[in-house]
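Please read the following walk through a single protein model with the coordinates open beside it. The text moves from a pocket to the strands and helices around it, and then to the packing of the interior.

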Amino acid sequence: MRRDIFYLLLVLLLLSCTKNKKVNETYNNDAVSDADFFSNKEINFKKLELGSDISTNERYFITNASVSFIPPINSIKLTDKDRDDIISKTGYGKGYFDVDSMFIDEKVKITCLAGYTKKEGGNINSLISFIRKMNNGDNFTEEYYTINGKKNIQFKISMNNATSILYTIFESNNGYYFILNYTFPVSYLEDSLIRIANSLNSVNFSF
């Protein structure tokens with residue numbers, strides 16, 4: 001298990017370094033709009049069908065954001081200490097959203113981070129602007145979907161042709177945006193996408 005924690009730490013540290021570099025280079029040149037991306041009438045949110053629930057995992061509840069979801073199949077929740085150690089060493093998520101929990105699939109090496117941010121003060125706009133600063137040409141895509149009637153923004157970032165990162169942000173009707181971040185190796189692409197699709201399909205607000 002400790003080797004898997006090291007793997008997760010390494011990936012998040014690499015991501016953190018990439019973020020910091022982009023922020024330092026471009027932050028002062030970008031203005032953040034006060035508009036809510038989810039209410040932008042010019043954005044076409046396409047319906048995304050993700051199939052039936054094939055998970056064997058139990059549903060996980062995040063009380064602060066009144067949301068529940070199913071982590072990727074066969075993943076294990078990290079202890080609060082391991083989670084906090086990773087956040088402390090990488091700075092991951094600090095200042096942009098609250099991290100609730102982290103999960104890891106020891107076999108396929110998928111990691112899943114779950115977090116949330118309040119629907120106030122331009123929080124979502126700052127987060128999206130921050131993610132967009134990781135855009136480095138062909139390594140970055142931004143898509144807009146509805147999943148089971150819930151609007152969702154997805155950012156996919158490829159790193160070093162070995163690992164991909166998927167940021168997903170769900171619009172909420174309860175005062176919080178729900179954030180899921182998945183990292184997964186390209187070598188297990190098909191298995192990873194099945195697990196991620198099942199996890200995204202399970203998100204449910206106001207339990």
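By class, how many nonpolar, polar and charged residues does the lining of the largest pocket have? In this predicted model, that lining has 11 nonpolar residues, together with 2 polar and 2 charged ones. The pocket itself holds about 280 Å³ of space, and of the 15 residues that line it, Gln154, Lys156, Leu166, Leu193 and Leu200 are the closest to its centre. Strand S7, strand S8 and helix H4 (189-201) are the elements that give two or more residues to the lining, with the largest share, 5 residues, coming from H4.

Two of the residues closest to the pocket centre, Lys156 and Leu166, also lead into the strand pairing, for Leu166 in S9 is the bridge partner of Lys156. Strand S8 (residues 150-159) and S9 pair in the antiparallel sense over 8 bridges, and in their hairpin, which has 3 residues between the strands, Asn160 takes a positive phi near 55 degrees. S9 also pairs with strand S10 (residues 176-185), again in the antiparallel sense and over 8 bridges, with Ile179 in S10 as the bridge partner of Ile169. The hairpin of S9 and S10 has 5 residues between the strands, and there Gly175 takes a positive phi near 95 degrees.

Is S9 itself enclosed or open to its surroundings? Because 8 of the 8 residues of this strand (residues 163-170) are buried, S9 is largely enclosed by the rest of the structure. Both of its faces are covered, since Thr163, Ile165, Tyr167 and Ile169 are buried on one side, as are Ser164, Leu166, Thr168 and Phe170 on the other.

Helix H2 (residues 80-90) offers another pattern of burial, with Asp82, Arg83, Ile86, Ile87 and Thr90 as its buried residues. These cover an arc of only 135 degrees around the axis, which means that they lie on the same side of H2, whereas Lys81, Ser88 and Lys89 are exposed on the other side.

The interior can then be followed through its nonpolar cores. The largest has 29 residues, and those with the most contacts inside it are Leu127, Ile131, Ile153, Phe155, Ile157, Tyr167 and Ile169. At least two residues of this core are supplied by each of H2, strand S5 (98-104), helix H3 (123-132), strand S7 (140-147), S8, S9 and S10, and H3 gives the most, with 5 residues. A second, separate core of 22 residues includes Tyr60, Val67, Cys112 and Val203.

Conventions:
Residues are numbered from 1 along each chain as its sequence is written. This is a predicted model: local features need pLDDT of at least 70, side-chain atom pairs count only at pLDDT 80 or more; totals for chains, interfaces and linings use all residues. Side-chain values use heavy atoms; hydrogens and water are left out. Buried means under 20% relative accessible area, exposed over 50%, partly exposed in between (1.4 Å probe, protein chains only). Helices (H or I, at least four residues) and strands (E, at least two) are DSSP runs, numbered from the N terminus. Two strands pair if DSSP finds at least two bridges between them. The arc is that of the directions from the helix axis to the C-beta atoms. A nonpolar core is a set of buried Ala, Val, Leu, Ile, Met, Phe, Trp, Tyr and Cys residues joined through side-chain atoms within 4.5 Å. On a 1 Å grid over the protein atoms alone, a cavity is a set of points where a 1.4 Å probe fits but cannot get out, and a pocket is an open set with protein on both sides within 12 Å along at least five of seven lines; lining residues have an atom within 4 Å of a point. Grid points are joined across faces, edges and corners, and a volume is the space filled by probe spheres set on the points. Ala, Val, Leu, Ile, Met, Phe, Trp, Tyr, Cys and Pro count as nonpolar, Asp, Glu, Lys and Arg as charged, and the others, Gly among them, as polar.
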